[in-house]
Amino acid sequence: MISKESIENLSQRLNIVDIIENYIEVKKQGSSFVCVCPFHADKNPSMHINVQKGFYHCFACKAGGDAFKFVMDYEKLSFYDAVEKVANLCNFTLNYTKEKNENKKDLKIILPKLNAYFKNNLSHHKEILDYLYSRKLDDKDIAKFELGFAKSSEESVRLLQNENISIEDALAVGALKKDEKGEIYASFIWRITFPIYDQKNTLVGFGGRTINPNVMAKYVNSPQNIFFDKSRIFYAFHLAKDAINAKKEMIICEGYMDAIAFHKAGFNNAVAVLGTALTEHHLPLIRRYEAKVILCFDNDEAGLRAATRSAFLLSTHKIDGKVALLEGGKDPAELVANNQNAKLYNILEKGMELGEFYIRRIIADFTLDSALDKQKALESIQKYTFTLEPLVANSYVQLVSKLLGVEEKLVFLTKKIKSYKNLNSISLKIPNTKTHIMELEILNFLKNNPNMHEFFKQISDSVCFKHKNLLEKILEKKGYEDVDIREFEEKNIHKKLNQNEFLFGICKINLAFLNHIDTINSVLALKKQLFTLIDKNFHILNKNLTQEECLHFLKEYLLLLKNEKDEIKLEQLFKSLNKIFSLKNFNAKELNINFTQEHNEEPF
């Protein structure tokens, strides 16, 4: 038994917030801490944690106690098991009395003995090895994942007896099962075995795959026991956790063979769920590693259901990620076996963001043939988005608007809609016209030339563009996973601008902006005239200047118009340029611009 003195020392040393934070998100509130209570369907932080007194209390369901009680209730452990778990979390060494009962420690040796037996069996069964080789696994894969083979029930029971392991202990760790008649039999019979480790590298159970097509259950897991809870554990997590920690990204797939295939393909951050969908009990482990999640499931009905439930669970618990569905009935193991690693990489790279995936799945259930059907679809979407943070929910307005075919102003995805003042204090009246081809070409140029992003910010402003949101995403270097970027790339903009065309296009965009603002003061009026001057005389510039000279002039010109606030200087420049352009023939030296070094935070 654990000594009382040791438990008392641990109790004094631990910080209850640190313990609870391993399971759920905790926030500071005044002198105490709060969190969503995990012991009832809590949507608001109802649980309060008192650090000084070392206890928690939920004002809704009345759950409460110390750190040991929390772990007991959360993980469904006995008191002494919970003490050992807390000690492990605190890196605290417990002391045991002379009469200690290390039953659980003794139990931990059972599954490794069974695993060694299974691995030895595999080496003597050529037909099973041949099956694994046919799945493109080699000896290194078999050794890394410790694959084995369970033979008859009698042989496994005999092994346990020879190792002096009691039936009660074997039942406790899931090595044996008991049928309705009370008969004892092995949990794995004539199956390939996949050992399952928890995050502490403790062997807690097995998965088993039959190669007999007449057996209905292709895969089985260890029964639930004191070590094994499939709703909390990922297969291969012990091998993936270092890569997950380094990449801050976790690939979650559907089965053992898929996880192994990902590792073979170099994706060492892959794990698999154990015959069940992702659950809330998996979330603390994901949060602990601050990992984004890529859900990689089959594109069949079962895979879609699992992906939908998982996308909802992750996104509503503020975990970022995306869904990557496998097309054509293929799974990762098949792709890797057929040397299609590149295809697997592309599937992951082009995954759809969790919220977008879930919203599209909602809309797929509606015909959208009528306004009423669209309203019902919107209401279903709102049930989801109302559970999200307002900033996150509002990021889907444009997507929902496009999918439903309604105006954005009709789409409300948060319960409370806040109005925001225009930071630029300029009222715009940009008409809702057809897509401006020049603007799309400029956006395409910026997407293909990220080295020009900083200079662009010095000569223009996103407020000047009709596609403001798309521009900002391009400047943020968003990838194919973003819905707007995907739709933009699908437009296939054919014309590729050179730098001169790009800068001239900026002149036209800035001029269009100035043409559509409510009020123009004298400085803005002069800038508008100067942009008009270039717009009318661009062909003259190209005629009189080399490409390099024209590029230099346009850069200096745009920098000045963006940042200069001196009305006299702008007026002098207008008169000077107007006179030069009227000559029809001039050289670069005559186009002298004295650029101001001040930076203007406003559009102009």
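Helix H27 passes helix H28 in a left-handed crossing, and this briefing describes that pair of helices in a predicted model before turning to some of its salt bridges. The contact is made by Phe553, Tyr557, Leu560 and Leu561 on the H27 side, and by Leu570, Leu573 and Leu577 on the H28 side. Sorted by class, the residues of this contact are seven nonpolar, no polar and no charged.

**Helix H27 and its surroundings**

- Two packed helices are described by the angle between their axes and by the distance between those axes.
- For H27, which covers residues 547–563, and H28, which covers residues 567–583, the angle is about 150° and the axes lie 12 Å apart.
- The length of H27 can be checked with simple reasoning, because at 1.5 Å a residue its 17 residues should span 24 Å, and the end C-alpha atoms are indeed 24 Å apart, which agrees.
- Several residues of H27 are buried, including Cys550, Leu551, Leu554 and Leu558, and the buried residues also include Phe553, Tyr557, Leu560 and Leu561, which are the residues that H27 brings to its contact with H28.
- Lys562 and Asn563 are buried as well.
- What covers the buried residues of H27 includes H28, together with helix H22 (453–459), helix H25 (499–515) and helix H26 (522–544).

**Salt bridges**

- Side chains of opposite charge can pair when their charged atoms come close.
- The count for this model comes to 15 salt bridges, and among them is the one in which the side chains of Lys292 and Asp320 meet at 3.6 Å, N to O.
- Lys292 lies in strand S14 (residues 292–298), while Asp320 lies in the loop between helix H14 (301–316) and strand S15 (321–326), so this pair ties together parts that are 28 residues apart in sequence.
- Lys292 is partly exposed, with a relative accessible area of 45%, and Asp320 is also partly exposed, with a value of 39%.
- Lys409 forms a salt bridge with Glu407, with the closest N and O atoms 3.5 Å apart; Lys409 is exposed at 60% relative accessible area, whereas Glu407 counts as partly exposed at 49%.

**A salt bridge within helix H22**

- The side chains of Lys457 and Glu454 meet in a salt bridge of 3.3 Å, N to O.
- Both Lys457 and Glu454 lie in helix H22, three residues apart, which is about one turn of the helix.
- An α-helix has 3.6 residues a turn, so residues three or four places apart point the same way.
- Lys457 counts as partly exposed at 38% relative accessibility, whereas Glu454 is exposed, with a relative accessible area of 52%.

Definitions and conventions:
Residues numbered from 1 in each chain as written. Predicted model: local features only at pLDDT ≥ 70, side-chain atom pairs only at ≥ 80, totals over all residues. Heavy atoms only, no water. Axes fitted to C-alpha atoms, helices over the stretch in contact; angles between N-to-C directions. Helix = DSSP H or I, 4+ residues; strand = E, 2+ residues; numbered from the N terminus. Left-handed = near helix turned anticlockwise from the far one by under 90°. Contact = heavy atoms within 4.5 Å. Nonpolar A, V, L, I, M, F, W, Y, C, P; charged D, E, K, R; others polar. Expected span 1.5 Å × (residues − 1). Buried < 20%, exposed > 50% of the residue type's maximum accessible area, 1.4 Å probe, protein only. Salt bridge = Lys/Arg side-chain N within 4 Å of Asp/Glu carboxyl O.
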